[in-house]
2 protein chains.
Amino acid sequence: MAKRIITISREFGSGGRFIGEEVAKKLGIAYYDKNIISQIAEKSGFSPEHIQEIAELSPKKGMFAYALAGRDITGKSVEDMVYEAQRKVILELADKEPCVIIGRNADYILKDRDDVLNIFIHGDMPEKIQHITRLYKVEEQEAVKMMADTDKRRRTNYNFYTEQKWGKASNYTLCLNSSQLGYDRCEAIIIACTK
Amino acid sequence: MAKRIITISREFGSGGRFIGEEVAKKLGIAYYDKNIISQIAEKSGFSPEHIQEIAELSPKKGMFAYALAGRDITGKSVEDMVYEAQRKVILELADKEPCVIIGRNADYILKDRDDVLNIFIHGDMPEKIQHITRLYKVEEQEAVKMMADTDKRRRTNYNFYTEQKWGKASNYTLCLNSSQLGYDRCEAIIIACTK
């Protein structure tokens with residue numbers, strides 16, 4: 001069946017966000033990335049700044065931080081409450097309209113729908129470093145550090161909440177190496193696969 | 001640059017071999033699968049039957065069997081010698097002509113070339129079971145067993161000889177879910193990505 005919803009998981013620096021935004025523009029559908037933070041904030045009662053820090057990324061201390069997080073009387077940590085709000089927002093968005101959703105474990109959250117195309121975008125080190133140094137105006141060494149840190153926190157968050165492995169091919173309909181294929185070709189393949 | 005060589009790794013039952021064969025036909029290039037066994041046999045001195053059993057699959061006892069395998073005076077096991085012969089055959093084939101190579105860790109063996117398109121094809125359980133029951137004329141229960149056994153042995157062989165993880169998206173240029181995308185579309189995407 002035709003795919004109304006496109007989820008894009010991505011390695012930091014792979015251009016996945018850029019590719020997703022272009023795909024949404026070309027298909028004329030909604031694009032959700034950081035712009036869903038205010039909705040998660042509203043649903044959870046936490047501030048947008050707090051959401052931005054923890055909604056897609058694990059605590060900096062890694063997987064143990066989830067286990068050791070303070071929990072309320074229901075056994076839920078702050079991270080769990082934010083995640084639950086994020087999950088509800090994503091389910092509602094998918095019901096509401098065709099869209100591209102970047103990150104936030106949307107592939108797993110929407111796993112019971114059959115109109116979702118799940119994409120994972122990754123890339124080669126030299127191209128990812130170049131992309132990050134340009135985009136964030138940082139030196140190469142800093143780019144490598146940002147990449148390792150962000151991907152680790154995304155992976156930890158994903159593996160904790162989904163019990164799947166981030167970046168394992170079988171979780172996604174389509175995985176693309178954007179360095180080898182080029183952004184334009186990645187966009188064309190994704191669009192062709194929605195039909 | 002244009003991709004002369006296409007390697008296809010695949011889950012058992014995903015139709016990866018069939019897709020690879022069709023791609024080779026449509027591109028008018030050579031196709032290597034079981035037909036390289038005689039070349040590996042010739043290079044290694046072992047019989048084709050022996051090669052068929054061990055060249056792509058780990059021993060049934062799993063990873064430990066590699067560690068515990070009997071070794072000759074150079075420290076090499078029979079599995080290592082067959083693998084080395086297979087590696088040489090694959091390197092020579094890639095030098096000789098444009099081709100599709102199925103399995104046999106060809107993605108890793110050819111990692112130093114920049115004219116290789118590495119594909120991983122996987123699928124959903126119901127479609128894979130259907131494919132296997134038809135192809136091998138077995139019952140569903142037997143199909144599930146064959147799938148689990150073969151994928152485990154391919155994974156173990158790959159992880160042992162490549163020090164990478166079989167089925168991890170970042171090892172491949174392109175990963176495709178053939179159940180969701182359909183064989184025809186997988187073929188079209190692969191062909192488009194060679195150019």
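# Exercises on a two-chain predicted model

Ten strands form an open sheet of mixed pairing, in the order β2(A)-β3(A)-β1(A)-β4(A)-β5(A)-β5(B)-β4(B)-β1(B)-β3(B)-β2(B). The model is predicted. The exercises below start from this sheet.

## Exercise 1. The sheet and its edges

Task: Determine which strands are the edge strands and by how many degrees neighbouring strands of the sheet are turned against each other on average.

Solution.
1. The order of the strands begins with β2(A) and ends with β2(B).
2. Each of these two, β2 (30-32) of chain A and β2 (30-32) of chain B, pairs on one side only, and they are therefore the edge strands.3. With direction ignored, the average turn between neighbouring strands of the sheet is 20°.

## Exercise 2. The strand β1(A)

Task: Establish how many residues of β1(A) are buried, and which strands of chain A pair with β1(A).

Solution.
1. The strand β1(A) is mostly covered, with 6 of its 6 residues buried.
2. In a regular strand, side chains alternate between the two faces of the sheet.
3. From β1(A), A:I5, A:T7 and A:S9 point one way, while A:I6, A:I8 and A:R10 point the other way; all are buried.
4. On one pairing, 4 bridges join β1(A) to β3 (residues 99-102) of chain A, and the two strands run parallel. Here A:I5 has A:C99 as its bridge partner in β3(A).
5. A further pairing, also in the parallel sense, links β1(A) with β4(A) over 6 bridges. Here A:T7 has A:N118 as its bridge partner in β4(A).

## Exercise 3. From β4(A) across to chain B

Task: Follow the sheet from β4(A) through β5(A) to β5(B), and state in which sense each pair of strands runs, parallel or antiparallel.

Solution.
1. Between β4(A) and β5(A) there are 4 bridges, and the pairing is parallel. The bridge partner of A:H122 in β5(A) is A:N177.
2. Between β5(A) and β5 (residues 174-177) of chain B there are 3 bridges, and these strands run antiparallel.
3. Across this pairing, A:L176 stands opposite B:L174 in β5(B).

## Exercise 4. The interface and its symmetry

Task: Describe what relates chain A to chain B, and which elements of chain A supply at least two residues of the side that touches chain B.

Solution.
1. Chain A is superposed on chain B by a rotation of 180° with 0.0 Å of shift along its axis, at an RMSD of 0.0 Å. This is the relation of a two-fold axis.
2. At the interface, 15 residues of chain A are in contact with 15 residues of chain B.
3. On the side of chain A that touches chain B, at least two residues each come from β4 (116-122), β5 (174-177), α9 (178-181) and α10 (183-193). The largest share, 4 residues, is supplied by β5(A).
4. By class, this side of chain A has 8 nonpolar, 6 polar and 1 charged residues.
5. Of the interface residues of chain A, 100% are also interface residues in chain B, so the copies meet through the same surface.

## Exercise 5. The helix α10 on the sheet

Task: State which strands α10 lies across in chain A, and explain why the buried residues of α10(B) line one face of the helix.

Solution.
1. In chain A, α10(A) lies across β1 (5-10), β4 and β5, running at about 170° to β5(A).
2. In chain B, α10 (residues 183-193) packs on the sheet and touches β1 (5-10), β4 (116-122) and β5; its direction makes about 170° with that of β5(B).
3. The residues B:C186, B:E187, B:I189, B:I190 and B:C193 of α10(B) are buried.
4. Seen down the axis of α10(B), these buried residues fall within an arc of 165°, so they line one face of the helix.

## Exercise 6. Two polar positions in chain B

Task: Decide whether B:N171 and B:S179 are buried or exposed, and name the residues in contact with each, leaving aside neighbours within four places in sequence.

Solution.
1. B:N171 is found in the loop between α8 (140-162) and β5 of chain B.
2. A residue counts as buried if 20 or more other C-beta atoms lie within 10 Å of its own. B:N171 has 22 such atoms within 10 Å, so B:N171 is buried.
3. Beyond its sequence neighbours within four places, B:N171 is in contact with B:D107, B:N118 and B:Q164.
4. B:S179 is found in helix α9 (residues 178-181) of chain B. With 20 C-beta neighbours inside 10 Å, B:S179 also counts as buried.
5. Under the sequence restriction used for B:N171, the contacts of B:S179 are B:G123, B:D124 and B:E127.

Technical notes: Residues numbered from 1 in each chain as written. Chains lettered and ligands numbered in written order. Predicted model: local features only at pLDDT ≥ 70, side-chain atom pairs only at ≥ 80, totals over all residues. Least-squares fit on C-alpha atoms with pLDDT ≥ 70 in both. Contact = placed C-beta atoms within 7 Å. Nonpolar A, V, L, I, M, F, W, Y, C, P; charged D, E, K, R; others polar. Pairing = 2+ DSSP bridges. Axes fitted to C-alpha atoms, helices over the stretch in contact; angles between N-to-C directions. Buried ≥ 20, exposed ≤ 12 C-beta atoms within 10 Å, placed from the backbone. Arc of directions from axis to C-beta.
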